[in-house]
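I opened this structure to look up its sheets, its ligand site and its domains. My entries follow in that order of interest, beginning with a sheet.

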Amino acid sequence: MFDPLHLIDGEWCAEEGVAPIQVLNPSDGQPLLEIARGGQASVDKAVAAAQNALDGDWGQLDAAERGSLMFRLSALVLDHADKLAELEALDVGKPLKQAKADAIACARYFEFYGGAADKLHGQTIPYKNGYTVMTVREPHGVTAHIIPWNYPMQIIGRSVGAALAMGNACVVKPGEDASQTALYIGKLALEAGFPKGALNIVTGFGGEAGAALSSHPGVRHISFTGSTEVGRLIQKAGAENTIPVTLELGGKSPQLVFADADIDAALPFLVNASIQNAGQTCSAGSRLLIQDSIYDEVVGRIADAFNALQVGPALQDLNVGPVINAKQCDRVKGFIADAKASGLPVLGEGKIVSDAPDGGFYVAPTFFGEVSPDHRLAQEEVFGPVLAAIRFKDEADALRIANGTKYGLVAGVWTRDGARQMRLARKLEAGQVFVNNYGAGGGVELPFGGMKGSGHGREKGFEALYGFSTSKTIAVNHN
Ligand code: ADP
């Protein structure tokens, strides 16, 4: 095992005299573990350690050597995938199978970015005679990674992976409800042989450790995934220090199902995109737009699928686990109650298994329809297992409804008409558009991020390497 302490400069530590944070198990509401509560002092130490690593052993490595360390870390994450999956299932409440898939994706991120570490080339630029001009990519320096609780392993893999590949030194602040896999990955990074200080982890509350990290003058880039409200605070903190900020915020992502779609193929994606991780996914497909002529058929089949969903403890590995905590549970139930009170019919509803512990944070997945496009349920992010069916007439109507929220993270289009696929793919306001599939964030290789209220900057894929590095132009006069 490992101690749930901060990882700073290759050592496990905590602030003296500061009581730890009690973390609850969402599957039963009982105490799960205590984690260290970091504040300004821990963040100062971690940022200094990261800067020392840049000035020392870590900064001295060749790009390919950084890549080799990342391959080793990837292999260790795979070796420990079962353990990591169990920790994340216990912390987050996600069914074990989903947690295992996340561990494998995390390993793949370190592999992908390890391979990319020595492959981002600069340019040479034609200029005046007697000059040679080139651009080189350089790390920002110390990068901050503020991680939410919903997909800790995947989000650490994608942001820390890209940052390390480009030679930055990282300070990670995991979500206070789900820090265990971050710390375990930290332990594996030490085993892999990363120089001390290249990867530091400070656990604690957002308003303390998170705020201290995002406003730290030694930090040169912030990568944040989480709520829109906190994203705004992070952007302001970044503005104070004039540093770049990558924000991946919420979404109200639509799936557009046209009358000519292959409904059999679409169905599992339509259901899964809304209930995966109990709907606590930024890119959840939470709006289901269905063309008039097939509305009843599709809605009927989705309702059947919802009625068959089983909800229970993470380790029982059913379709859906609990939501993360009591606050989130109340919030999601509030959305459901409001929708019912406004007269929206429930078309389908999953079942919480009878042996689910009473103290667990369970919400029955709920499918509502027909929802008007301006209803709260069609406009606001629920971050729970709730799906809203919306009817549309034609392509123009579908596009208007799809783009008619403040968000723009992901969209799905289901149609066999090739020209329509491309028309919509180009006009939908979303950082990712899936045609006849839906990726809930997509694969490791696919650039991901938002438009409009869903944030800015791109993580994942090769494109993330540009965000996690900066360009320098070198002009040499050799006349
Ligand atoms: P979620 O809805 O996923 O809980 P949050 O935006 O609340 O999203 O949290 C995402 C991450 O941001 C967590 O690690 C949390 O501790 C951190 N955080 C919350 N508040 C702040 C803040 N004021 N400054 C910096 N980080 C914060």
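**Entry 1: the seven-stranded sheet.** I looked up the strand order first and found an open sheet of 7 strands, ordered 15-17-18-13-12-19-20, with mixed pairing. The edges are strand 15 (346-349) and strand 20 (432-435), each of which pairs on one side only. I noted an average turn of 20° between neighbouring strands of this sheet, direction ignored. I keep in mind that this is a predicted model.

**Entry 2: one edge of that sheet.** I followed strand 15 to its partner, strand 17 (residues 366-368); the two pair in the antiparallel sense over 3 bridges. For glycine 348, I found phenylalanine 367 in strand 17 as the bridge partner.

**Entry 3: helices on the sheet.** I then checked what packs on the sheet. Helix 11 (residues 295-307) does, and it touches strand 13 (287-291), strand 15, strand 17 and strand 18 (386-392). The direction of helix 11 makes about 35° with that of strand 15. Helix 12 (residues 326-341) also packs on the sheet, touching strand 15, strand 17 and strand 18. I read an angle of about 35° between the directions of helix 12 and strand 17.

**Entry 4: the ligand.** Which residues are closest to the ligand? I listed 18 residues surrounding the ligand, and the closest are Ile147, Trp149, Lys173, Glu176 and Ser227. I looked up polar contacts for three of these names. For isoleucine 147, a polar backbone atom is 2.7 Å from an oxygen atom of the ligand. For tryptophan 149, the contact comes from a polar side-chain atom, 2.7 Å from a ligand oxygen atom. For glutamate 176, an N or O atom of the side chain is 2.6 Å from an oxygen atom of the ligand. I also checked cover: the ligand taken alone exposes 550 Å², and the protein buries 81% of that.

**Entry 5: the domains.** I took the bounds from the domain assignment, which gives domain 1 as 6-249 + 456-475 and domain 2 as 254-443. Their centres, taken over C-alpha atoms, are 30 Å apart. Across the boundary I found 28 residues of domain 1 in contact with 29 residues of domain 2.

**Entry 6: a three-stranded sheet.** I went back for another sheet, an open one of 3 strands in the order 5-6-22 with antiparallel pairing. Its edge strands are strand 5 (124-125) and strand 22 (469-477), and each pairs on one side only. I counted 2 bridges joining strand 5 to strand 6 (residues 131-139), which run antiparallel. Opposite threonine 124, I found methionine 134 in strand 6.

Methods:
Residues numbered from 1 in each chain as written. Predicted model: local features only at pLDDT ≥ 70, side-chain atom pairs only at ≥ 80, totals over all residues. Heavy atoms only, no water. Pairing = 2+ DSSP bridges. Helix = DSSP H or I, 4+ residues; strand = E, 2+ residues; numbered from the N terminus. Axes fitted to C-alpha atoms, helices over the stretch in contact; angles between N-to-C directions. Contact = heavy atoms within 4.5 Å. Near = heavy atom within 4 Å. Polar contact = N/O pair within 3.5 Å; in protein donor to acceptor, adjacent residues only side chain to side chain. Areas by Shrake-Rupley, 256 points an atom, 1.4 Å probe, with all protein chains shown as cover. Domains from an automatic or database assignment.
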